[in-house]
Amino acid sequence: MRADTHPRRMQDNAAADGFCRDCFTPVSGGERRCRHCGSPRLLRHPELHQLSIAHIDCDAFYAAVEKRDRPELADRPVIVGGGTRGVVSAACYIARIHGVKSAIPMFKALKLCPEAVVIKPDMAKYSAAGKIMRALMLDVTPLVEPLSIDEAFLDLTGTARLHGMSPALTLARLMRRISEKVGITASVGLSHNKFLAKLASDLEKPRGFSVLGKAETLSFLATRPVGFIWGVGKAMQEELARGGITMIAQLQQMEKTALMRRFGSMGARLYHLSRGEDQRIVSADDHSKSISAETTFNTDIAERIELERILWPLAEKVSRRAKAEGVAGHTVVLKLKTAGFKLRTRNVSLADPTLLAGRIYDAALPLLRREATGTAFRLIGIGISGLVEARPGQETETLDVTTAARARAELAVDRIRDKFGRSAVGRGITFGSDD
């Protein structure tokens, strides 16, 4: 990225209370449009040039990449997802106006928006776009913490001298580079810690740039429901509501010891995050990251055979992502959530890392069978962690003869699907035995 290192421009940016997001001209006072380019996209905040923790999240990433490659779809509702029995992976903002959201069943999405163009996911293409975007982020700071293929935390502390501009202006220029190089848009949240930066990035999507300063932290959070707090899902919201707590302002008035007596370690989290306190650092260490897929059922399921059937396409989804990103996992993780919202996580370590759907599924199957003893579940998920770079051929070279043959067969199926589509060949699985 070209840094604007002109001393006068740097001084102007530091003195101004904002800038134009399109041409980066400093703005101040009551200007409603940029005096240089006429754009109304002006960014102002009293702490704008002092904050340095950011969260970047692409706008409807999968759908945006598809629209980039098919310009004729620019004004059409687009849904990326599986068949009528699958779920929505992503929906463009036009489709979202009709109520389509990620993770809802495809049949429901098509009822909400029957005119939508449905496109099957192309993880290799999305991964390629994500890698370009990641490289652009690393151009501005080495402290990039990826959360997924299309979002990350960035710490730009101390980068002002390097780039000749404040972190806020560096981020605005980064957004333009992403648009130019990747052909998609993203939204930015800028604040003084990760929790608030992530909250901010969701405030003005798409193409948003929201700032949360230290001075406004308590008042901003006070007006929000407790569900805004990281880790407070539906079950915790219901538990808090039983105690009459629905707003963050109520948590701000409570003592830490009282919250911990009632909610344990979660009580400490509620205390600190309700006050906008988050000590987590932005970590560039990728080793702890994982790849996973999960689905929530329309009705709870207790039958083991049915759960095994559902687990296989999830294992395939994880495998597709791993292959697209060129990584393999040392650990297979099974996730289950009961009808009562109790989470069960089980894992098993492998002798050598894998990215194959067959091995991922086979490793998770015994874990599932130990848990599926009559309990009704509302969610099932599978994933791999302990990621390492995948070496071509490692699955067929290092395993026993039988497993190596299965690996070669799966890779052959991948090649057929790449050429003729995912429906060209499927896997037959026999359910009901304990073999």
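Helices, in this report, are runs of at least four residues assigned by DSSP and numbered from the N terminus. With that in hand, the structure, which is a predicted model, can be described element by element, beginning with helix α13 and what follows it.

Just after α13, Gly276 takes a positive phi of about 75 degrees. The helix itself covers residues 265-274, and because seven of its 10 residues are buried, it is largely enclosed by the rest of the structure. Which residues of α13 are buried? They are Met266, Gly267, Ala268, Leu270, Tyr271, Leu273 and Ser274. The cover over these buried residues includes the helices α8, α9 (217-222), α10 (234-242), α11 (248-252) and α12 (256-263).

A second topic is the packing of one helix against another. Two packed helices are described by the angle between their axes and by the distance between those axes. For helix α5 (residues 123-140) and helix α7 (residues 167-182), the axes come within 10 Å and cross at roughly 150 degrees. Since an angle over 145 degrees counts as roughly antiparallel, α5 is therefore roughly antiparallel to α7. The crossing in which α5 passes α7 is right-handed. On the side of α5, the contact is made by Ala129, Ile132, Met133, Leu136, Met137 and Val140, while α7 contributes Thr170, Leu174, Arg177, Ile178, Lys181 and Val182. Sorted by character, the residues of this contact divide into nine nonpolar, one polar and two charged.

Charged side chains also meet one another in the model, where the count of salt bridges comes to 18. Three of these pairs are set out below, with the distance between the closest N and O atoms.

| Salt bridge | N to O distance |
|---|---|
| Arg68 with Asp69 | 2.9 Å |
| Glu145 with Lys194 | 2.8 Å |
| Glu308 with Arg304 | 2.5 Å |

How far apart along the chain are Glu145 and Lys194, whose side chains meet in a salt bridge at 2.8 Å? They are 49 residues apart, and the pair links distant parts of the chain, with Glu145 in strand β8 (residues 144-148) and Lys194 in helix α8 (residues 194-201). Both Glu145 and Lys194 are buried.

Glu308 and Arg304, by contrast in their placing, both lie in helix α14, four residues apart, which is about one turn of the helix. Glu308 is buried, because its relative accessible area is 0% and the cut-off for a buried residue is under 20%.

Is Arg68 buried or partly exposed? Its relative accessibility is 30%, so Arg68 counts as partly exposed, and its partner Asp69, with a relative accessible area of 36%, is likewise partly exposed. Arg68 and Asp69 also belong to a network of salt bridges that links them with Glu66 and Lys125.

Helix α14, which spans residues 304-325, also holds Ala322. This residue is buried, with a relative accessible area of 0%. Leaving aside its neighbours within four places in sequence, Ala322 is in contact with Ile291, Val327, Leu355 and Ile384. Although Ala322 and Ala124 stand 198 residues apart along the chain, their C-alpha atoms are separated by 9.7 Å.

Methods:
Residues numbered from 1 in each chain as written. Predicted model: local features only at pLDDT ≥ 70, side-chain atom pairs only at ≥ 80, totals over all residues. Heavy atoms only, no water. Helix = DSSP H or I, 4+ residues; strand = E, 2+ residues; numbered from the N terminus. Buried < 20%, exposed > 50% of the residue type's maximum accessible area, 1.4 Å probe, protein only. Contact = heavy atoms within 4.5 Å. Salt bridge = Lys/Arg side-chain N within 4 Å of Asp/Glu carboxyl O. Axes fitted to C-alpha atoms, helices over the stretch in contact; angles between N-to-C directions. Parallel < 35°, antiparallel > 145°, perpendicular 65-115°, else oblique. Left-handed = near helix turned anticlockwise from the far one by under 90°. Nonpolar A, V, L, I, M, F, W, Y, C, P; charged D, E, K, R; others polar.
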